[in-house]
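Here are a few short exercises on backbone geometry. Have a go at each one before reading its solution.

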Amino acid sequence: MLSSWPILSIITFLPLLGVLFILLASGDNKSSEHNCKMVTIWVSSFTFVVSLLLYFGFDPAAVGYQFEEQFDWIEGSGITYHLGVDGISMPFILLSTFLTPLSVLASWHSIKQRVREFMIAFLVLETMMVGMFASLDLMMFYLFFEGVLIPMFLIIGIWGGPRRVYAAFKFFLYTLLGSVLMLICIMIMYLQAGTTDIPALSNFSFSSEYQFWLFIGFFASFAVKVPMWPFHTWLPDAHVEAPTAGSMILAGILLKMGGYGFIRFSLPMFPDASLYFAPFIFVLSIVAIIYTSLVALAQTDMKKLIAYSSVAHMGFVTIGIFTFNEQGIAGAMFQMISHGLISAALFFCVGVVYDRLHTREINDYGGVADVMPNYAIFFMIMMLASVGLPGTSGFIGEILVLVGAYKTSSSLAFFAATGLVLGATYMLWLYRRVVFGRAEKGEVIRMPALTNREIGILVPLTIFILWFGVYPAPLLDILNPVISTISDTVSQTQLVVSSLQ
Amino acid sequence: MLFTQMTFQAALPEYILAVIALILVLMAAFFDDKNSSRRYVKLTALSGYGLAFLAIFALPSESQSIYLGLFKVNSFLVYMKGLVLIGAFFACWMVSDNWLDGIEKPEYQVLIMLATLGMLLMISANDLISLYMGLELQSLPLYVIAAINTRSLKSSEAGLKYFLLGALSSGMLLYGSSLIYGFTGLTNFDQISSFIEQNGATPGIIVGVVFLISGLAFKISAAPFHMWTPDVYEGAPTPVTALFAIVPKIAAITLLLNVTHFLFADIRFEWMQVIIAISVASMVIGAFGAIMQKDLKRMMAYSSIAHMGYALAGIAAGSQQGAAGVLIYMTTYIFMGAGTFSIILMLRRDGLPVHKLSDLSGLASTHPFWAFGLLIFMFSMAGIPPLAGFFAKWYVFLAAVNAGLIPLAIIGVITSVIGAFYYLRIIKLMYFDDVDQTLDNNAPKENIIILSLSITVTVLFLLFIGPLREWSYFVAKNFPASGLL
């Protein structure tokens with residue numbers, strides 16, 4: 001009944017329908033701008049509601065893909081229109097559809113020019129994100145994966161800060177360079193296997209030599225997206241210059257595309273190479289965690305600080321993925337979802353005060369708690385969640401990753417854990433400088449309290465962050481079956497390798 | 001049997017163009033150059049292209065050689081002829097009667113039509129003699145129309161430069177042909193290819209092949225024979241540039257495919273080296289050359305050099321798959337090119353054409369639809385999915401990778417990232433920058449129709465790629481199969 005509906009296609013392309021409506025919106029400037037906003041918020045909220053059907057219709061116990069849709073696309077070439085979700089992709093789709101309306105709401109007043117284009121870009125972006133997570137065909141995946149660049153480039157470049165042009169170009173070219181190498185690898189895989197169907201490719205065993213090169217190609221793309229040190233330099237620029245909503249989506253979803261790619265492609269398709277490269281990735285991740293945490297300590301710009309903290313948090317994700325055990329991968333997944341919520345919330349918190357004071361310099365603030373007590377509470381929850389305080393979702397992800405890391409190597413766990421300490425340091429220090437103290441500066445004293453709209457954005461985020469922190473089972477139940485399959489694939493390889501030695 | 005119904009039918013589009021061209025000559029002789037008469041001339045020319053395009057569908061579908069083996073027709077070549085006619089139609093149609101730009105002489109249409117006729121002959125060529133004849137029939141009118149704006153020094157310079165370098169390339173081509181003739185004693189493609197199949201290639205033939213390819217590389221403006229392109233693109237009146245950018249390349253690259261994949265199919269490992277070198281050089285020069293340009297037309301010139309480099313990667317594969325890739329590439333190229341130039345033609349201030357890059361700044365707020373069109377074409381040319389340009393690159397590089405040319409494909413995708421820089425710069429100017437000086441708001445309906453059509457094709461190409469791929473792989477079977485596929 002319900003399953004006969006092409007739910008995934010509907011979720012993917014519903015936002016494009018919104019674009020059509022926006023194009024039809026006419027009238028004078030003020031009212032048409034308002035209409036555009038309303039259309040966008042309604043369409044993206046409705047998309048979220050539809051995507052809830054995925055959650056309720058999803059059978060966590062089932063192995064394999066659900067809600068599958070497959071049609072001919074490029075006939076006779078092994079490239080099809082193939083959508084479907086499993087425990088890995090479904091949470092990301094929900095995260096995307098959940099964050100999009102919140103981001104739109106976040107930019108309600110802060111986007112003042114070319115509102116119509118902004119809303120169109122955002123809806124197109126949503127289609128690309130959802131489509132990417134729902135794709136079960138490598139060619140389609142690549143279309144969406146790259147297609148994301150177009151709206152994001154425009155969002156940073158048109159509505160960004162003073163150095164937006166530089167940031168937009170850097171973001172675009174950096175990610176494009178990584179992706180084109182993956183494209184060559186996709187061609188090689190396609191020519192080898194005769195299909196770009198992801199389930200088929202996961203069962204196709206590439207020879208070790210091929211795996212080695214294919215892994216490097218995919219790594220080039222995903223490492224930039226994650227981003228892993230030393231490929232992270234585009235991220236602080238992009239984050240700082242992007243408008244609040246852009247940063248929310250960038251940190252919330254776009255960074256997860258890399259981690260998702262590792263779990264979806266690198267591990268099941270190139271298990272030999274993944275094992276081979278795992279130590280290398282651990283080193284990069286440890287460097288990322290420690291180095292970027294130290295860099296974050298030195299920042300004077302709030303957005304930049306959070307951007308660097310994202311790199312450090314994503315370091316946990318890559319460690320978790322490449323431990324290959326169930327705890328590690330589950331932790332990485334959990335960390336990605338939780339970081340998606342927390343970082344979006346943190347960027348929004350920065351956006352809130354930025355809208356009032358038009359500065360992101362930490363030193364221009366101080367004593368915000370005096371004038372905006374509600375804000376101080378929300379900011380504190382987000383900050384503590386980011387630090388990984390038990391009771392918040394950040395804790396579950398990090399502890400699982402650390403358990404997984406400890407199983408692999410105790411020194412790995414040790415170095416990763418230093419990141420926790422450093423993370424606590426820079427976040428608490430940021431919070432102290434911004435929120436505590438006495439509000440002395442005139443501009444700070446005159447800051448108005450949180451509006452209902454802003455509270456309306458923060459409350460749902462807070463609920464989920466706390467809920468997953470206290471009761472992570474719903475998410476872990478969805479993740480576990482598919483993660484154990486992936487983990488088994490790699491451990492079988494591990495066994496083969498060790499028996500050969 | 002030189003003239004039978006069959007030979008007549010197989011060459012119907014050419015006959016139609018020839019007859020209409022003669023009618024145009026008469027009209028040009030008797031009409032003055034007032035607006036109204038110019039409209040009649042244009043209408044006649046357009047109906048010529050339209051009729052010739054319809055005649056394409058009357059052509060026999062099986063492959064056959066006609067006129068004592070001087071020409072041949074098969075479904076691949078017919079498809080390319082169709083593309084040439086569509087391109088010529090666009091290039092002719094999107095020039096409004098009110099824009100003079102120095103092309104108001106009625107002879108303009110006559111020359112374009114003769115050049116188009118030459119292109120169709122080139123595509124069909126099956127003999128060294130007919131190859132040269134078609135090529136020159138194409139080139140000579142183009143030399144003239146590059147210089148047609150006699151009031152403009154730059155236009156004259158462009159024409160002269162094009163003529164001199166073109167003559168040089170024709171010389172190289174003739175020299176190559178004469179070597180091949182000298183070492184085989186044959187001019188017919190079928191006979192030469194079976195001669196090479198039996199006797200192998202002597203060094204003399206290989207030198208001939210290299211010269212022949214060089215001559216053709218000039219016509220598609222591939223590096224290192226690209227020197228004329230930026231100057232001619234910049235100097236010629238914009239409608240002429242539009243024509244240059246869209247149409248002759250299709251004919252020349254088809255001829256190159258025909259020469260390499262059919263005529264020299266048995267010595268592919270010899271010419272592949274040459275094509276790979278030309279392809280890499282074009283991709284690199286196209287990407288880096290465009291970065292410094294301040295003139296939109298010059299930038300488009302380098303962009304077209306890079307595009308030819310990508311298309312050549314398909315030829316370098318030396319397989320039917322590569323030929324199919326080239327077909328797909330040229331199909332997308334014609335729409336991206338026509339769309340882009342339909343906008344460039346409309347960029348005017350006080351009625352005069354402007355084509356500095358800086359003239360584009362703030363276009364998104366003054367002319368949102370034009371800016372959106374350019375945005376789509378620029379992303380597409382940069383090869384960003386899901387737009388048409390991505391699929392074009394996918395199929396040529398897929399063929400290259402399949403032929404084992406992975407380094408070529410890697411260079412290709414990396415230069416396409418470099419190329420993305422200057423395409424993005426156009427978008428930056430239009431969307432990120434503020435308005436400098438506003439442009440006219442005069443948009444002829446022809447341009448808007450072509451623009452809308454091109455946007456539709458470029459954006460929705462992912463819906464057409466399935467049938468197109470199937471068709472292209474089917475018609476590419478007209479080339480002899482290689483061990484590579």
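Helices here are DSSP runs of H or I with at least four residues, numbered from the N terminus. Keep in mind that the model is predicted.

**Exercise 1.** Find where A:Pro230 sits and work out which residue shares a cis peptide bond with A:Pro230.

Solution. Start with the helices: A:Pro230 falls in the loop between helix 9 (208–225) and helix 10 (234–241) of chain A. Next, check omega, which is about 0 degrees for the bond joining A:Trp229 and A:Pro230, a cis peptide.

**Exercise 2.** Do likewise for B:Pro386.

Solution. The loop to look at in chain B runs between helix 16 (368–381) and helix 17 (388–402). Omega is about 0 degrees again, and the cis bond joins B:Pro385 and B:Pro386.

**Exercise 3.** Describe how strand 1 and strand 2 of chain A pair up.

Solution. Strand 1 (residues 66–74) and strand 2 (residues 79–85) run antiparallel, joined by six bridges. One pairing to pick out is A:Gln66 with A:Val85. The two strands make a hairpin with four residues between them, and A:Gly76 in the turn has a positive phi of about 70 degrees.

**Exercise 4.** Decide whether A:Phe67 and A:Phe324, each with a positive phi, are buried or exposed.

Solution. Take A:Phe67 in strand 1 of chain A, with phi near 55 degrees. The cut-off for buried is 20 or more other C-beta atoms within 10 Å; A:Phe67 has 23, so it is buried. Now A:Phe324, in the loop between helix 14 (302–322) and helix 15 (326–357) of chain A, has phi near 65 degrees. A:Phe324 has 24 other C-beta atoms within 10 Å, so it is buried.

Definitions and conventions. Residues are numbered from 1 along each chain as its sequence is written. Chains are lettered from A and ligands numbered from 1 in the order in which they are written. This is a predicted model: local features need pLDDT of at least 70, side-chain atom pairs count only at pLDDT 80 or more; totals for chains, interfaces and linings use all residues. Two strands pair if DSSP finds at least two bridges between them. A residue is buried if 20 or more other C-beta atoms lie within 10 Å of its own, exposed if 12 or fewer, and partly exposed in between; C-beta atoms are placed from the backbone.
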